[in-house]
Structure formats: C-alpha cells, structure tokens
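Here's a quick briefing to read alongside the model. Have the sequence and the 3D view open as you go.

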Amino acid sequence: QVQLVESGGGLVQAGGSLRLSCAASGSTFSRNVLGWFRQAPGKEREFVGNIRWDAGYVYYADFVEGRFAISRDNAKNTVYLQMNSLKPEDTAVYYCAVVKSVDYSITYYTRGAQYNYWGQGTQVTVSS
C-alpha cells in the first residue's frame, strides 16, 4: 500500500510560482514511478510529468515547456513539483499518483489508469 498526501496549492498571480509537495508513505521504493496529473473544471485529467523514484529520471508533458520541474527527497519520501511562470490555464486540481514495480521507461506511464495509488489533490488557481 502507498499513501499520498499533496500540499502546497493556492492562489497565485500569472507569472508566479508554486511548489507542490507529495508526501508518500508505505512501499515507495525501487522501480516505482510517481506521476503528477491535473484536472481543470470540465476537462479530462491531464498528465503533467513523472519521476522514477529510485533513479530520479524525469519526464514531462509537452505543455510544461520547461516551466515545471519534478524532484524528490528520498530521505523525506517526498516528491516536489516546482511550477514557475504560471499561466491562468494552469488552474486545476493537481494530483500525485504512484505506479509500482514498473517494467518500462517512465515515458510509457502517462495515463492515469496506469497508476495504482492517488492522493486527494491540491487546488492551484492562477489569476490573470
């Protein structure tokens, strides 16, 4: 079992920054991938990026365009999503999720249905 708790969301002006955290507990090691997704009102859930927990490889959706960065602190069992140059269209609920014991490159794991465990989400609102 893996438990995930997101934090760090809030209201920010366009061009600003936020750092989201995803604290994980349970079996979080070795060959697990942690992904970030988001869902805006009336829209489908969207892949943001992911990170391989042990090796630290990261992969991002095209729309990120270098504005976001995923990192991890293994000692704290926490993964971060640093978001810079935020735009109003980044407004959404952001979720972290884990898929365990992956067999493929992290670039394969971009669909929410592939992930086994989810956090409760944190709201990010970007004002114009």
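How many positive and how many negative side chains does the protein chain have, and how far apart do the centres of the two sets lie? There are 12 positive and 10 negative side chains, with 5 Å between the two centres. Keep in mind that this is a predicted model. In outline, we've got a chain with eleven strands and zero helices, plus one disulfide, which is what a search of the whole structure turns up.

**Overall build**

- Going along the sequence, the pattern is simply β-β-β-β-β-β-β-β-β-β-β.
- The radius of gyration is 14 Å, close to the 14 Å that the globule rule gives for 128 residues, so the protein chain is as compact as a globular protein of that length.
- Measured off along the principal axes, the box filled by the C-alpha atoms is roughly 40 × 25 × 25 Å.

**Surface and packing**

- Buried residues make up 45% of the 128 in the protein chain.
- The accessible surface adds up to about 6,300 Å², and carbon and sulfur atoms account for 47% of that.
- Take the contacts between residues at least 6 apart in sequence: 58% of them join residues at least 24 apart.

**The disulfide**

- The partners are Cys-22 and Cys-96, and their sulfur atoms sit 2.1 Å apart.
- Cys-22 belongs to strand β3 (residues 18-26) and Cys-96 to strand β9 (residues 92-99), so the bond ties together parts that are 74 residues apart in sequence.
- The torsion about the S-S bond of this pair is about 70°, so the disulfide is right-handed.
- Are the two cysteines buried or exposed? Both Cys-22 and Cys-96 are buried.

**Val-79, in contact with one of the cysteines**

- Look for Val-79 in strand β8 (residues 78-83).
- Its relative accessibility is 0%, so Val-79 counts as buried.
- Setting aside residues up to four places away in sequence, Val-79 touches Leu-20, Ser-21, Cys-22, Leu-34, Trp-36, Ile-51, Trp-53, Ile-70, Ser-71 and Arg-72. Cys-22 in that list is also one half of the disulfide.
- Val-79 and Gly-35 are 44 residues apart in sequence, and their C-alpha atoms are 9.3 Å apart in space.

**Two charged residues that are buried**

- Arg-52 sits in strand β5 (residues 46-52).
- Why does Arg-52 count as buried? Its relative accessible area is 18%, and the cut-off for buried is under 20%.
- Beyond its neighbours within four places in sequence, Arg-52 is in contact with Arg-31, Asn-32, Val-33, Tyr-57, Arg-72, Val-102 and Ile-106. Arg-72 also turns up among the residues that Val-79 touches.
- From Arg-52 to Gly-10, 42 residues away along the chain, the C-alpha separation is 26 Å.
- Where is Asp-90? You'll find Asp-90 in the loop between β8 and β9.
- Asp-90 has 0% relative accessibility, so this residue counts as buried too.
- Leaving out neighbours within four places in sequence, the contacts of Asp-90 are Arg-38, Arg-67, Phe-68, Ser-85, Val-124 and Val-126.

Technical notes. Residues are numbered from 1 along each chain as its sequence is written. This is a predicted model: local features need pLDDT of at least 70, side-chain atom pairs count only at pLDDT 80 or more; totals for chains, interfaces and linings use all residues. Side-chain values use heavy atoms; hydrogens and water are left out. Helices (H or I, at least four residues) and strands (E, at least two) are DSSP runs, numbered from the N terminus. The radius of gyration is taken over C-alpha atoms; the globule rule is 2.2 Å times the number of residues to the power 0.38. Buried means under 20% relative accessible area, exposed over 50%, partly exposed in between (1.4 Å probe, protein chains only). Contact means heavy atoms within 4.5 Å. Accessible areas come from the Shrake-Rupley method with a 1.4 Å probe; for residues, only the protein chains shown count as cover. Lys and Arg count as positive and Asp and Glu as negative; His and the chain ends are not counted. The place of a charge is taken as NZ of Lys, CZ of Arg, CG of Asp or CD of Glu. A disulfide is a pair of cysteine sulfur atoms within 2.5 Å.
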